[in-house]
Amino acid sequence: MNLPIVVAGGTGKLGRLIIDALLARGAAVRALVRPETDPAKVAVLTQRGVELARVDLADAAALTQACAGAGCVVSALAGLRDVIVDAQSALLDAAVAAGVPRFIPSDFYSDYTQQPAGQNRNFDLRREFQARLDQAPLAATSILNGAFAEVLTYNIPLLNFRQHQVGYWEDADWQIDFTTMADTAAFTAAAALDAAAPRWLRIASFQLSARELVAAAAEAGLGRFELVQLGTRADLAARIAQVRAANPAGEHELYADWQQLQYLRSMFSVQNHPLDNHRYPDLTWTSAPAVLAPAGQAPTGAPVLEAPAGPADAAAYSDEELVKKLPGFTNHYATVNGVQLHYVAGGSGQPLVCLPGWPQTWYSFHPIAPTLAQHYRVIIVDIRGMGSSDKPATGYDKKTMAQDIHALVQHLGLGRVSLLGHDIGGMVASSFAFNYPESTHKLLLADGAHPSAGLRYMSMLPAPGAFTAKMDGHQPYVWWMAFNQVPGLPEKLLAGRFQHLLDYLFAYVMLDERRMSAFDRAVYAAAYNQPESIRAANGWYQALGQDIEDASTYAPLTMPVLGIGSYVSYEFLRQGLPSVAPGAQVIGLPESGHYLFEEKPDQVLAAVLEFLQAE
């Protein structure tokens with residue numbers, strides 16, 4: 001009997017990954033969401049076929065009803081006492097009352113049973129809930145995964161990108177447990193469906209000591225890191241006490257500065273042993289190189305990669321390897337309009353052509369493509385000059401690039417298509433709609449629209465006080481528009497060093513540049529490190545004058561048009577899009593920077609799917 005798995009905390013990152021892994025195993029999933037949960041996050045779950053139960057965790061009767069008929073309750077809740085002890089206790093009571101046979105608590109950390117009470121505030125909360133769970137009349141399984149491997153990209157003292165140091169306390173050969181969030185989620189899904197799962201399961205994608213981390217970083221192409229002892233465990237304990245005393249407000253913060261130090265102390269004090277990695281043989285485990293090799297830059301912005309990607313790196317960032325990250329998608333090439341275009345395709349149904357922008361490739365759609373492919377036949381194209389597509393000397397005006405896409409659409413026999421364009425891709429998608437309205441079903445523009453005469457009046461100098469670390473959404477200074485106009489120079493300056501531009505740009509135009517992962521950065525650096533790639537991309541900007549002239553000849557758009565604007569572009573889309581598409585809808589995502597797919601994928605998906613599915 002395929003009893004549903006109830007997941008609490010399914011709108012969080014780990015919760016979403018657990019749900020994805022359960023669905024991949026063919027499980028029925030019921031997600032518990034609070035009544036006030038962001039509708040966009042809820043929409044993403046329902047579109048994936050997840051059963052939704054909107055319930056207040058304080059409503060015992062409703063919570064019990066929501067758990068009824070389930071085979072297991074999985075908690076991916078995160079918080080302090082009110083969540084880990086109180087809310088999980090309410091969830092446990094409801095599971096018992098509903099007759100649910102199994103419960104998996106939110107214990108996704110190091111093996112806290114090995115660490116004395118009082119050394120980690122958040123572990124103490126889990127230990128308190130553990131005592132209640134072990135008294136409950138149902139089976140329980142705690143999954144202990146050590147540290148999430150993603151912390152290795154966060155510029156922590158263990159792997160310090162700024163100073164090129166690997167820091168450790170007391171023992172350089174002490175091995176630390178690391179498990180990626182995806183591996184943790186996959187294992188949790190398997191355990192949720194395993195009626196014989198034991199009380200404790202301990203896992204690690206890999207285990208590395210500080211000394212081994214130095215070698216791994218060098219092997220991954222990150223450069224030379226110095227091994228530095230930061231003190232003894234006792235020194236770290238004293239430092240935690242000092243920082244905690246100085247920050248009493250941190251008692252009410254989930255990840256206070258001293259709590260982060262407590263996690264580091266746990267990493268150098270607790271080991272998961274023995275490992276249960278082989279319990280589910282169908283699972284594969286992420287290696288340390290897979291986490292470290294792409295991390296040419298820590299998200300905080302400290303440069304560590306000076307040279308072009310080597311052969312091993314290039315293979316990791318190839319289309320053949322990248323497309324494996326999108327199940328159901330495949331690579332293709334087509335020669336149309338005199339150029340060879342690379343594209344990836346997946347899904348079935350009505351065609352949706354997706355066009356990326358600068359300085360990215362087709363891979364920029366990876367946060368949203370799998371969900372889109374559940375509803376549509378998704379074709380993501382490397383436009384002329386991008387990625388693995390041809391990079392001719394000419395043809396970078398958006399009208400010619402739209403001809404490329406139209407020829408591809410005809411080549412594939414797609415008929416009328418909807419188009420979703422981001423940035424430069426939005427310019428090309430707009431040109432497609434202007435020039436081929438009979439082939440355009442719906443047009444969606446994410447932070448990009450057809451060039452207009454307004455570009456000619458952009459200020460050469462930034463407004464006073466507007467050119468800071470983050471772009472001013474009201475007075476944006478788009479310096480790259482001018483820089484990319486210069487023929488011949490950018491490729492000389494940036495060849496083999498494109499990572500530096502990427503890091504500055506992502507920090508400047510994103511509200512949370514950490515959402516652009518180290519791997520993503522490395523993918524785009526590899527795509528643009530070559531002089532020909534930089535020259536071709538500059539061609540998109542050098543053709544803006546011709547694009548503006550072409551715009552003056554176009555009739556207004558009459559098909560349905562949606563503009564999705566970040567804090568950077570919303571006002572420009574709101575003011576400018578209706579003048580060329582009188583019936584256009586424009587929505588804003590003010591909490592997102594320019595790279596919306598990375599920062600707010602759930603909100604983008606909700607807006608895109610609602611628009612496409614509307615009559």
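Which residue in β2 is the bridge partner of Val6? In this predicted model, the partner turns out to be Arg30. That pair is a handy way into the sheet, since it sits where β1 (residues 5-8) and β2 (residues 29-33) run alongside each other in the parallel sense, joined over four bridges. Val7 also has a counterpart in β2, standing opposite Ala31.

Looking toward β4, a similar picture appears. β1 and β4 pair in the parallel sense, again over four bridges, and here Val7 has Val74 as its bridge partner. Val7 is thus matched with Ala31 in β2 and with Val74 in β4.

Zooming out, the sheet is an open one built from six strands, with parallel pairing and the order β3-β2-β1-β4-β5-β6. At its edges lie β3 (51-54) and β6 (139-140), each of which pairs on one side only. Helix α3 (residues 60-67) packs on this sheet and touches β1, β2, β3 and β4 (72-75). The direction of α3 makes about 165° with that of β2.

What about the two faces of β1? In a regular strand, side chains alternate between the two faces of the sheet. For β1, both faces are covered: Ile5 and Val7 are buried on one side, and Val6 and Ala8 are buried on the other.

On to the cysteines. The count of disulfides comes to zero. Cys72 is in no disulfide, and the nearest cysteine sulfur, that of Cys67, is 10 Å away; the cut-off for a disulfide is 2.5 Å between the sulfur atoms. Cys72 is buried, with a relative accessible area of 0%. Cys354 also counts as buried, at 0% relative accessibility.

Further along the chain, helix α19 (residues 518-528) is tucked away. Buried means under 20% relative accessible area, and 11 of the 11 residues of α19 are buried, so the helix is largely enclosed by the rest of the structure. Among these buried residues are Phe519, Asp520, Arg521, Tyr524 and Tyr528.

Finally, there is a pocket to look at. The second largest pocket has a volume of about 960 Å³. Of the 40 residues that line this pocket, Ala449, His450, Leu455, Met458 and Phe572 are the closest to its centre. Several helices chip in: α15 (424-435), α16 (479-483), α18 (498-509) and α22 (570-580) each give at least two residues to the lining. Helix α22 makes the largest contribution to the lining of the second largest pocket, with seven residues.

Notes:
Residues numbered from 1 in each chain as written. Predicted model: local features only at pLDDT ≥ 70, side-chain atom pairs only at ≥ 80, totals over all residues. Heavy atoms only, no water. Pairing = 2+ DSSP bridges. Contact = heavy atoms within 4.5 Å. Axes fitted to C-alpha atoms, helices over the stretch in contact; angles between N-to-C directions. Buried < 20%, exposed > 50% of the residue type's maximum accessible area, 1.4 Å probe, protein only. 1 Å grid on protein atoms, 1.4 Å probe; cavity = no way out; pocket = protein on both sides within 12 Å on 5 of 7 lines; lining within 4 Å. Points joined across faces, edges and corners; volume = space filled by probe spheres on them.
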